[in-house]
Amino acid sequence: MELQNNNRSSSSFEISKGSTLMQEKHGKSQRVRHKSTQFEDNLLHEENTRLIYINDPRKTNDKYEFTGNEITTSKYTLITFLPKNIFIQFHRVAYLYFLAIAALNQLPPLAVFGRTVSLFPLLFVLCVTAIKDGYEDWRRHRSDQKENNREALVLQGDRFQLKKWKKIRAGEVVKILSDETIPCDIVLLSTSDPSGLAYIQTMNLDGESNLKTRYARQETVSAGPEDPISGPIREDSVSGLIRCEQPNRNIYEFTANMEFNGQKFSLSQSNIVLRGCQLKNTESIIGVVVYAGQETKAMLNSAASPSKRSRLEGYMNRETLWLSVFLLVMCMVVACGMGLWLLRHKEELNTLPYYRKVYFTYGKDKFKKYKYYGIPMETFFSFLSSVIVFQIMIPISLYITMELVRLGQSYFMIEDRHMYDSSTGSRFQCRSLNINEDLGQIRYVFSDKTGTLTENKMEFRRASVYGNNYGSSLLVTDSFEGQGTAAAKAVGRRRWKLNSEIAVDYELMELLTKDLAGDERIAAHEFFLTLAACNTVIPIPSSGRSSSFTGSESLDNDNVETINYQGESPDEQALVSAASAYGYTLFERTSGHIGIEINDKRLRFDVLGLHEFDSVRKRMSVVVRFPDNSVKVLVKGADNSMFGILAKDSERNDLVRHATESHLTEYSSQGLRTLVVAARDLTDAELEQWQRMYEDASTSLADRAQKLRQTALLIESNLNLLGATGIEDKLQDGVPEAIEALRQAGIKVWVLTGDKQETAISIGLSCKLLSTDMQQIIINGNSEEECKNLLAAEKAKYGVKSSNGKKNSSKSKENTENNHLEIPNDTKSSNVPEGCSGKDEVNASLALIIDGNSLVYILEKDLETDLFDLATSCQVVLCCRVAPLQKAGIVDLIKSRTDDMTLAIGDGANDVSMIQMADVGVGICGQEGRQAVMASDFAMGQFRFLKRLLLVHGHWNYQRVGYLILYNFYRNAVFVLMLFWYILCTAFSTTSALTDWSSVFYSVIYTSVPTIFVGILDKDLSHRTLLQYPKLYGAGHRQEAYNMHLFWITMCDTLWQSLVLFYIPLYVYKESTIDIWSMGSLWTLAVVILVSIHLAMDIQRWIFVTHAAVWGSIVITYACMVVLDSVPILPNYWTIYNLAKSPTYWLTILLIIIVALLPRFLFKAVHQHFWPSDIQIAREAEVLRKQANYLSSKPNQDSS
């Protein structure tokens, strides 16, 4: 949840349905199991029910002590901020290390640095983080206070009076006016609509902008309180008892019963309005509070998504352990050297001028011990003192540097105009700052189809009605005008007009307008009636005039109104709009009936019951009573769930079925989304039995969903097939090009969709995911044994070897290394050899297509290894009919068995579990709400932006952060090793030639700023080159920017530079009388210049800011040294002024730079000449292209 009401009056609780599912996942079987129990409501038992006494908050709360309505989203209070924040910060092990160093330095025998100075680095880091955390929490406190002090109308005595939200309690009756936000979870008692209907917007709750309907039960509407603006309300009219489930996170289910005026009836999700929703298009509602404050569903869902850690950060911790080993070895060397030196000179300790056992001074201290604790203790103290001196071997500044660099990188990603979606006005979002560099190492992309690859803007294209195929030639309704046909006359008489024109089939329109009584005409009538009635779509006329009626009436032909449909599913909206285009307009919906205009008449249909779509049945049904008092059940659903419940009592039905199946295959091959439509009449006996079971199931507190499912099966049988629909969901712009670029980059794209197999294959072909020359492996098993045999047969057929245990990505790396980029001699050409990303010729042409039913057995029955072997041998994997948790299971299949980085991208609530399971989660700001966005690490408006995100920003970020880590290790290690050589030459005494402040400022001020700017702004290649040659992305797969080999090379280079840095000044000034503080000043300036020029050698893109940061850091270092050397109380007073006059001083620094960096320069030159990388080749091509453009433009300038 995110509380976003800093600049708005309404509360904005955003939650994720999928996060609940992921938090309840404890093992593999729970993670991927596709069983109905995962979609059940919480099972209730009598002892676990919550009792709410309506309009009696005292009795309700005194007995059960429910929480109040005050919310708290902040982490800290004034009292707990300091201890709690420090405790959280010290979860980083490096902070504990520096705390121990600072504590050791406070002990008198170990006080190498000044006690205050030693605390400065740690305190600086802690304070910066604490200030950031404190500011964020202050904003949360301010937001909480604003939220808790809002006011709502609460029934007090016999009148509604304003009351602050934080004082509202469970059991109280509240009144909400139009456009107001709901303060807590309330069960509706009545609304301003006589039928008890209310419209709410759940955008603040789940991100969906479409209006949803909620109903007050007719029992409470008819007997509820009168609602005058002023005047008393009868207290007995608002009393009763609600038995409901305990507070839980499921915002899509609610199970309860109500006892009201001697009646007992059930309550469901449609009767409760949750905190954070807004009342729309309804004057007012009255309801009773059932959950308040922290117990509301919005607050229970406020847990943040699981945090993710960068892969490079994990590698960095591994190298930090190696640096710790180096540190301990150096300290052991110093300690052992000190012990041996003391043993060798133990007879001279009283006479040595720089090390003595007793005081030499006269007075009371004469011949007393002088800070001498014996050889064993002196050796131990020497070890601890060495730890203090060498402490920056572990770079504490690296943590802050990485945070700032990632922040800067995120800013430029957000501001990238090439990733701005102008159609929706949405820009790129960075919701996680921890994993920017992981974008440059992605090997697998798992993508949803609907709304991610496609637009999720559905258009009704084809219809199969009673075995006849329609939709091959479509016309807009305006083209009918003036033709004089029955269809044209019917269109001209229409009262309602849709916001957008829908193309219709002329022959089908003629069939519907003919006054015939044949089977096909009746089937067509019931077909479109089902499309108009079997849904949860809300019609919103543009006029506010009432549309209530009784029976039927003629229309006024001159009065045409616009109608808009809002629903939770774009599919439903498309079907209802299509029905309206063909003359069946849904224009009214209440809790008990619907109004449908059929050609020139309005008809009222009583809704006796509705079985909503669920992932188990995969269909939806509604029981309606027609104006002639007949009762029908109207059903629509997926073909694989509908054909098994059709009637098989006539040859005609079989013919219709076979024709419809062939039409469905045709629609799917065209990439259309399909649904099957059926209906049948209910007899009085069937209706009575169904009503009895429906009432029992609806009022059940335990297993309600299961009982309702069983009740639905009673009537969803022996159906008469009416036809099928084909809805087009167009591909987004740039999807084929993006997928092709990702595949050239060595990234495997897997599509996980809930659509049927033929539809998914068609979309796969159109988006270039599949090609016609690919060999398709189709796994459609209905049992464990069948799936096992299919997998084994395909593995044997294509020679797929079995893997044992966990498989790493070493094979992938080796294969990728053999597939280097080839840039043609003509640098202006963009022809890049295609290749197959390291796969051999056979496996490169394989595509695995598997359905969700097979995954049920494979992911649960220990067949995962076989699936993994087969899937990773294929270039493309397409999973159809998969449930949300199966998507997460597929991602985990790769994530748990390889070291490859995974990315999941989707746009709906069903993609949340997949997004959170992957290493990187990307949400699409689409038509299905913001659940995916809220659970993601990054969010964008279009799938095509993924190409730029990975190939450009991912590449840049990986190269920058990889170099940043290595450079920080080098920068600190060269400084520490210089101190180590000095200690070896000063009798292992752990003294320092550098001032305390110089040691502290080295990593905090002198050398930190350039690394930050380089980490944010440096670019090894232009974005045009990276997009032109996608194979350059393979550098991340090969870990070219950061690996163990590079680390050891860097450490060897560091060792050489530290030796040069220390010994050249030592030999230059060997015969001089220079003091130790002057030598320390030389070393300080030399090491800063050395590491700065080392950085400058690796910078690829020089701009003004980079120049200012690199060379400015040297100037700042010198200025700080001048200031420090001007302080009389410091031991290095005035040294820099004497040194700066000497040419030897500057020549020594120049000699250090040349000798130290010469091996590095030669190594880079030879390596780049004889073994150039892809990036080096592309960079040279860029330079040649720029030179060619410059030379070609120069003659034009001369001639002009």
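Two strands count as paired here if DSSP finds at least two bridges between them. With that in hand, here's a walk through this predicted model.

**The sheet around β5**

Let's start with strand β5, residues 185–191. On one side, β5 pairs with strand β13 (residues 284–291) in the antiparallel sense, over six bridges. β5 also pairs with strand β11 (residues 272–273), again antiparallel, this time over two bridges. The bridge partners picked out below show how the register runs.

| Residue in β5 | Partner | Partner strand |
|---|---|---|
| D185 | Y291 | β13 |
| V187 | V288 | β13 |
| V187 | I272 | β11 |

So V187 is a handy residue to click on: V288 is its bridge partner in β13, and I272 in β11 stands opposite it.

Zoom out and you'll find an open sheet of six strands, in the order β3-β2-β4-β13-β5-β11, with antiparallel pairing. β3 (159–164) and β11 stand at the edges with a single partner strand each, so one side of each has no neighbour in the sheet. How many residues of β5 are buried? Seven of the seven, so the strand is largely enclosed by the rest of the structure.

**The nonpolar cores**

Next, the greasy parts. In soluble globular proteins, nonpolar side chains tend to be buried together. The largest nonpolar core in this model has 103 residues, and the members touching the most others are F390, I965, F969 and Y1002. Helix α30 (residues 945–984) gives the most to this core, with 19 residues. Apart from it lies another core, of 68 residues, including F460, V465, M509 and V677.

F390 is worth a closer look. Leaving aside neighbours within four places in sequence, F390 is in contact with Y97, L327, M330, C331, V334, V976, L979, F980 and I983.

**Helix α36**

Helix α36 covers residues 1076–1098, and its length makes a neat check. At 1.5 Å a residue, its 23 residues should span 33 Å, and the end C-alpha atoms are indeed 33 Å apart, so the two agree. At the N-terminal end, D1075 acts as the cap, with a side-chain oxygen 3.3 Å from the backbone nitrogen of W1077. Is α36 enclosed or open to the outside? It's largely enclosed by the rest of the structure, because 19 of its 23 residues are buried.

**T1025 and Y1029**

Now for a spot around helix α33 (residues 1023–1028), where T1025 is found. T1025 has 2% relative accessibility, and since the cut-off for buried is under 20%, T1025 counts as buried. Beyond its neighbours within four places in sequence, T1025 is in contact with L1032, A1178, E1182 and R1185.

Y1029 lies in the loop between α33 and α34 (1034–1037). Although it sits in a loop, Y1029 is buried, with a relative accessible area of 1%. Y1029 and D1174 are 145 residues apart in sequence, and their C-alpha atoms are 10.0 Å apart in space.

**The whole chain**

Stepping back, the chain has 40 helices and 36 strands. Of its 1200 residues, 56% are buried. Among contacts between residues at least 6 apart in sequence, 76% join residues at least 24 apart. As for the surface, the chain exposes about 50800 Å², and carbon and sulfur atoms supply 54% of that.

Notes. Residues are numbered from 1 along each chain as its sequence is written. This is a predicted model: local features need pLDDT of at least 70, side-chain atom pairs count only at pLDDT 80 or more; totals for chains, interfaces and linings use all residues. Side-chain values use heavy atoms; hydrogens and water are left out. Helices (H or I, at least four residues) and strands (E, at least two) are DSSP runs, numbered from the N terminus. Buried means under 20% relative accessible area, exposed over 50%, partly exposed in between (1.4 Å probe, protein chains only). Contact means heavy atoms within 4.5 Å. The expected span of a helix is 1.5 Å times one less than its number of residues. A polar contact is a pair of N or O atoms within 3.5 Å; within protein, one must be able to donate a hydrogen and the other to accept it, and residues adjacent in sequence count only if both atoms are side-chain atoms. Accessible areas come from the Shrake-Rupley method with a 1.4 Å probe; for residues, only the protein chains shown count as cover. A nonpolar core is a set of buried Ala, Val, Leu, Ile, Met, Phe, Trp, Tyr and Cys residues joined through side-chain atoms within 4.5 Å.
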